[in-house]
Amino acid sequence: MGLSNLGIFHTVIGIVAIISAIISLIKSGKINLDTLAGKVYFYFTLISSLTALGLSSVKGVNPGHILALLIVILISVAYFLYVRKKGNNGYRLIENFFLSFSFFLSLIPTVNETLSRVPVGNPIASGPKDPIIGTTILFILVLFIIGSILQFRKQKRINKNYITF
């Protein structure tokens, strides 16, 4: 696959983060930082995003680097809200959205890299502009929107008995 040692490490860490997010979403309906899966998602996504800054097929800053930095910001703010703004309140809405949005954003390069490399020797997609990649990302976007609406509704029901913000 032509991966460097950093690329292999980044990929393994990223896969664990994605699996952890999926486990948390299935069990809790959100990426729940109170659970082991949620904590693994946070830390492994942080590591994966930071190692992405050392990966590039071109010199200088590229869209992948910007995406990685955005993900770091999103999960950092979500973690800050989780730690500092306890309780069932409006901050949970932001926390839930930022963690879900970071997960969606992390799937964009994941889809591109996976479909452009697998199966080895005869990848499914020819590159980032291949229609299969766009279609897959669009499908994931629709799932993200539906999931965000469901999370918002669920959290609003939980918050109903609490003062928000």
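Entry 1, helix packing. I looked first at how H4 passes H5 in this predicted model, and I noted a right-handed crossing. The axes of helix H4 (residues 90–117) and helix H5 (residues 131–159) come within 10 Å and cross at roughly 165°; since angles over 145 degrees count as roughly antiparallel, I entered H4 as roughly antiparallel to H5. I then sorted the residues of the contact of H4 with H5 by character and wrote down 15 nonpolar, 10 polar and two charged.

Entry 2, aromatic pairs. I found 10 aromatic pairs in the structure, and I looked up two of them in detail. Phenylalanine 42 and tyrosine 43 are paired edge-to-face, with 4.9 Å centre to centre and 80° between the planes. Of these two residues, phenylalanine 42 is buried, at a relative accessible area of 6%, whereas tyrosine 43 counts as partly exposed at 41% relative accessibility.

Phenylalanine 101 and phenylalanine 104 form a stacked pair, for which I recorded 6.3 Å centre to centre and 15° between the planes. Both lie in helix H4, and because they are three residues apart there, about one helical turn separates them. I listed phenylalanine 101 as partly exposed, at 23% relative accessibility, and phenylalanine 104 as buried, with a relative accessible area of 9%.

Entry 3, ring cluster. Following the ring pairs onward from Phe101 and Phe104, I arrived at a cluster in which they are linked with Phe97, Phe98 and Phe144.

Entry 4, charge and ring. Lastly I checked lysine 86, whose charged end sits over the ring of tyrosine 82, and I noted 4.0 Å from the ring centre.

Methods:
Residues are numbered from 1 along each chain as its sequence is written. This is a predicted model: local features need pLDDT of at least 70, side-chain atom pairs count only at pLDDT 80 or more; totals for chains, interfaces and linings use all residues. Side-chain values use heavy atoms; hydrogens and water are left out. Axes are lines fitted to C-alpha atoms, for helices over the stretch in contact, and angles run from 0 to 180 degrees between N-to-C directions. Helices (H or I, at least four residues) and strands (E, at least two) are DSSP runs, numbered from the N terminus. Angles under 35 degrees count as roughly parallel, over 145 as roughly antiparallel, 65 to 115 as roughly perpendicular and the rest as oblique. A crossing is left-handed if the near helix is turned anticlockwise from the far one by less than a right angle, and right-handed if clockwise. Ala, Val, Leu, Ile, Met, Phe, Trp, Tyr, Cys and Pro count as nonpolar, Asp, Glu, Lys and Arg as charged, and the others, Gly among them, as polar. Rings of Phe, Tyr and Trp (its six-membered ring) pair if their centres lie within 6.5 Å; planes under 30 degrees apart count as stacked, over 60 as edge-to-face and the rest as tilted. Buried means under 20% relative accessible area, exposed over 50%, partly exposed in between (1.4 Å probe, protein chains only). A charge sits over a ring if NZ of Lys or CZ of Arg is within 6 Å of the ring centre and within 35 degrees of the ring normal.
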